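Welcome! Take a moment to turn the structure around before reading on, and then we will walk through it together.

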Amino acid sequence: MEYLLQVKVGALVGLLLLTLLFGLIPARVKWFRDTNGTETHRIVLSLISCFAGGVFLAACLLDIIPDYLSDISAELDAQKVETSFPLPEFIMAAGFFTVLILEKMVLSCRQMRGAHGERAPLLSENGHGHGHSHAGAVTTADLESSGHHVHVDFQAHSPFRSFMLFLSLSLHSVFEGLAIGLQNTDSKVLEICIAILVHKSIIVFSLSVKLVQSAVQPLWIAAYIGVFALMSPLGIAIGISVMEAGLAAGALIQGILEGLAAGTFVYITFMEILPHELNSAGNQVLKVFFILLGFTVMAALTFIG
């Protein structure tokens, strides 16, 4: 048991350090934060963002939702809850609508306080979040896309949506860490940990890119990444505590929280990440290819794992 505990602590430290490393690259490297670069720079940033969108889509459809449905179904069976009503899906929908209602309330409050003045600098400086326009170089594509998609892009890169993305991923990370902490063999701990390390490195890099593009203050980005990096280790620590103390896991509450997090992630993926890139003009086929590439990388990792 002592060796197993050492393996779990090693997994905890490894997850923490690697997540911090990959998360802080986009936040600290000026290239990712430069919104007034060359046309090539802006296209590359856009394609990286599309790749991140594919990563999140795969995480949503192949990881978060299946994990949740499996966990909640097992727990409902254990509790002998029998109903023809699709309860797991309803819990997920509750997470989706919670974010939708909260976001619209936040936007309504900002409009009541004169949000128009707040929007103007963000849109004029950043365009679509990739710097599509800068002084003296407004293109036809910029004018066309700003005329048709400004409302989408403003909300897509809003700090509120970035925070909800961070929150849903953080909750999922806690449950991933919990899965490591509750294992009773060192080989299983290492197997799950390696899978999560690869998976989370790509996820946190993509999250950091999204935060940088959302006009979030650098200090807040560092705080987000720091907290996100702590989530899996926190889950591992909780799992170790439960195993050491021999307590019941409270699996039903965990399942419900997973469902709310999954619903949140569905909202962020399909209402924010993908629409932003696909609604902005230029390189549409290439963007779809990079979304597919991100999805394929995550799908391959899931298949191997």
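A word on the record used below: UniProt positions are given in the numbering used here, and annotations may be inferred rather than shown by experiment. Please also keep in mind that this is a predicted model.

Let us begin with the chain as a whole. Its secondary structure comes to 11 helices and 0 strands, so by the DSSP assignment the pattern along the sequence reads α-α-α-α-α-α-α-α-α-α-α. Of the 305 residues in the chain, 45% are buried. On the outside, the chain exposes about 14700 Å², and carbon and sulfur atoms supply 70% of that area. Among contacts with a separation of 6 or more, 84% join residues 24 or more positions apart.

Now for a single helix. H1 covers residues 2-28, and its 27 residues should span 39 Å at 1.5 Å a residue; the end C-alpha atoms are 39 Å apart, so the model agrees with the expected span. Which residues of H1 are buried? They are Leu4, Val7, Lys8, Ala11, Leu15, Thr19, Gly23, Pro26 and Ala27.

Next comes the annotation. In an unreviewed entry, UniProt lists residues 12-31, 43-65, 85-102, 189-209, 221-243, 249-273 and 285-304 under "transmembrane region". Two of these spans are worth tracing in the model. Residues 85-102 are 89% helix and 0% strand, with end C-alpha atoms that lie 26 Å apart. Residues 285-304 are 100% helix and 0% strand, and the end C-alpha atoms of this span lie 28 Å apart.

How values were computed
Residues are numbered from 1 along each chain as its sequence is written. This is a predicted model: local features need pLDDT of at least 70, side-chain atom pairs count only at pLDDT 80 or more; totals for chains, interfaces and linings use all residues. Side-chain values use heavy atoms; hydrogens and water are left out. Helices (H or I, at least four residues) and strands (E, at least two) are DSSP runs, numbered from the N terminus. The expected span of a helix is 1.5 Å times one less than its number of residues. Buried means under 20% relative accessible area, exposed over 50%, partly exposed in between (1.4 Å probe, protein chains only). Contact means heavy atoms within 4.5 Å. Accessible areas come from the Shrake-Rupley method with a 1.4 Å probe; for residues, only the protein chains shown count as cover.
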